[in-house]
Amino acid sequence: MSSLSSLPRRAAKTLTRVASSGAIRAVGVDMTDEISDRPTLVVAPHPDDETLGCGATIARMRMRGTPVYVVLVTGGGQSPRPPGMSVAELLALRQQEASGALAHLGVDEDHTTMLNFHDGALPPDRSTLTQALSSVIGSTHVAQVMVTSSRDRHPDHATVALATIEAVARNPADVRVYEYAVWQRVPAFGTCRDLVRRLIRDRSEGNLPERARPHLVSTRGFLDQKRQAMAVYQSQLPHFPVGFLEDFFLPFEAFAQVRPAGPAAVARTPREISQEDH
């Protein structure tokens, strides 16, 4: 696509970004200090999700000395690859990119776990994935877990979110769960959208409980570090849609706190969640 033909789409993306980020900021609550001081596990369905969704937050945590662990659920083997490159070679490349990106963010190499599930083919019942995540949560003794949104339109992202919520629910410790949106970020961040509707209806931000509002972490001082980390993913950068990356370099990173519950509460499928979102 030529730069000229992409101008209307880029302009539309810019308007959407300005409107949605303004709405999130209007109803959000600044939780920079509280979130940044809690030992954290970041769960990414594919290499680069962790940097896109919470790269600046990770960098801020590491600057403060807060422990950060990262789980890469799949190796991203179904991503576009150059002609002549095998899937095995792509997996090796993406692992190398992930290591480099996380090093830029300050994550120790021995704090990264690769589960090696198959990209685009996560088990529908989630039991194996849930058990694997539960083991990591138990061994790292973290206070909070960050994972992609269960409303993300990518099925891997929704499946990983549900498995993570279920894994935390099995853990006897008090562990918070925060979702970060990646694909189709405005509709995916359903919590914020629902809050905006309620805010308009009630005409009073005070009616929104703090727990239910988007939790914001300032990116001030860490956007360059996030950009450097994202630049390591050279195999992926050419394939992102027009205007996509700009959505992730805002003055804040936004998270929706979700309440882990029993198995019945997380027994939904990504398709059911998608239907609930309409």
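The paragraphs below lead through a predicted model of one protein chain, from its overall make-up to a few of its helices and strands.

Taken as a whole, the chain holds 10 helices and 8 strands, and buried residues make up 49% of its 278 residues. Among the contacts in the chain with a separation of 6 or more, 83% are accounted for by residues 24 or more positions apart.

A useful place to begin is strand S5, which covers residues 144–148. Because 5 of the 5 residues of S5 are buried, this strand is largely enclosed by the rest of the structure. Strand S2, made of residues 40–44, is joined to S5 by 4 bridges, and the two strands run parallel; within this pairing, Leu41 stands opposite Val145 of S5. S5 also pairs in the parallel sense with strand S6, residues 176–180, here over 5 bridges, and in this case Val147 stands opposite Glu179 of S6. Between these two strands the chain passes through helix H6, and the resulting β-α-β crossover from S5 to S6 is right-handed.

Helix H6 spans residues 155–170 and includes Thr164, a residue that can be followed a little further. With a relative accessible area of 0%, Thr164 falls under the 20% limit and is therefore buried. Leaving aside residues up to four places away in sequence, Thr164 touches Val43, Leu133, Val145 and Val147. Thr130 lies 34 residues from Thr164 in sequence, while the C-alpha atoms of the two are 6.3 Å apart in space.

Another parallel pairing is found between strand S3, residues 68–74, and strand S4, residues 112–117, which are linked over 4 bridges. Here Leu72 has Met114 of S4 as its bridge partner. The chain travels from S3 through helix H4 to S4, and this β-α-β crossover is likewise recorded as right-handed.

Helix H4, residues 87–105, also meets helix H3, residues 49–64: their axes come within 8 Å and cross at roughly 40°. An angle of this kind is neither under 35 degrees nor in the range from 65 to 115, so H3 is oblique to H4. On the H3 side the contact is made by Glu50, Thr51, Gly55, Ile58, Ala59 and Arg62, and on the H4 side by Ala101, Leu102 and Leu105. Sorted by class, the residues in this contact are 5 nonpolar, 2 polar and 2 charged.

Note on methods: Residues are numbered from 1 along each chain as its sequence is written. This is a predicted model: local features need pLDDT of at least 70, side-chain atom pairs count only at pLDDT 80 or more; totals for chains, interfaces and linings use all residues. Side-chain values use heavy atoms; hydrogens and water are left out. Axes are lines fitted to C-alpha atoms, for helices over the stretch in contact, and angles run from 0 to 180 degrees between N-to-C directions. Angles under 35 degrees count as roughly parallel, over 145 as roughly antiparallel, 65 to 115 as roughly perpendicular and the rest as oblique. Contact means heavy atoms within 4.5 Å. Ala, Val, Leu, Ile, Met, Phe, Trp, Tyr, Cys and Pro count as nonpolar, Asp, Glu, Lys and Arg as charged, and the others, Gly among them, as polar. Two strands pair if DSSP finds at least two bridges between them. A crossover is right-handed if, with the strands pointing away from the viewer, the path from the first strand over the helix to the second runs clockwise. Buried means under 20% relative accessible area, exposed over 50%, partly exposed in between (1.4 Å probe, protein chains only).
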